[in-house]
Amino acid sequence: MGEKTKTEAVLDDYLKTLEEVKKQYQQYVEVSELYKLPTQKEEKPVQYQPPSPEHPLTTNTIRIR
């Protein structure tokens with residue numbers, strides 16, 4: 001009863017391989033988190049107020065040096 005059959009040996013190898021793959025995948029997930037880029041938000045266009053007497057575009061003055 002101490003000897004493993006060929007099927008049991010293959011299953012043991014398969015399970016060991018799955019465990020190794022699981023560990024490697026976990027490492028991959030941890031490393032991939034480092035390289036995640038922040039998502040870009042759409043920037044809204046700037047809305048400028050039209051000029052008004054309270055806020056003109058210029059001071060309507062001339063400076064001579």
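The radius of gyration is taken over C-alpha atoms, and the globule rule used with it is 2.2 Å times the number of residues to the power 0.38. Select the whole protein chain: a compact globule of 65 residues would have a radius of gyration near 11 Å, but this chain has 35 Å. Its C-alpha atoms fill a box of roughly 105 × 30 × 10 Å along the principal axes.

A word on what you are viewing: this is a predicted model, where local features need pLDDT of at least 70, side-chain atom pairs count only at pLDDT 80 or more, and totals for chains, interfaces and linings use all residues. Residues are numbered from 1 along each chain as its sequence is written, and side-chain values use heavy atoms, leaving out hydrogens and water.

Now colour by secondary structure. The protein chain has one helix and zero strands (DSSP runs numbered from the N terminus: helices are H or I with at least four residues, strands E with at least two).

Next, select Tyr25 and Tyr28. How far apart are the centres of their rings? The structure holds one aromatic pair, and here the centres are 6.0 Å apart with planes at 35 degrees, so the pair is tilted. (Rings of Phe, Tyr and Trp, the last by its six-membered ring, pair if their centres lie within 6.5 Å; planes under 30 degrees apart are stacked, over 60 edge-to-face, the rest tilted.) The two tyrosines are three residues apart in helix 1, about one helical turn.

Are they buried or exposed? Tyr25 is exposed at 52% relative accessibility, and Tyr28 is exposed at 53% (buried means under 20% relative accessible area, exposed over 50%, partly exposed in between, with a 1.4 Å probe and protein chains only). Finally, zoom out: buried residues make up 0% of the 65 in the protein chain.
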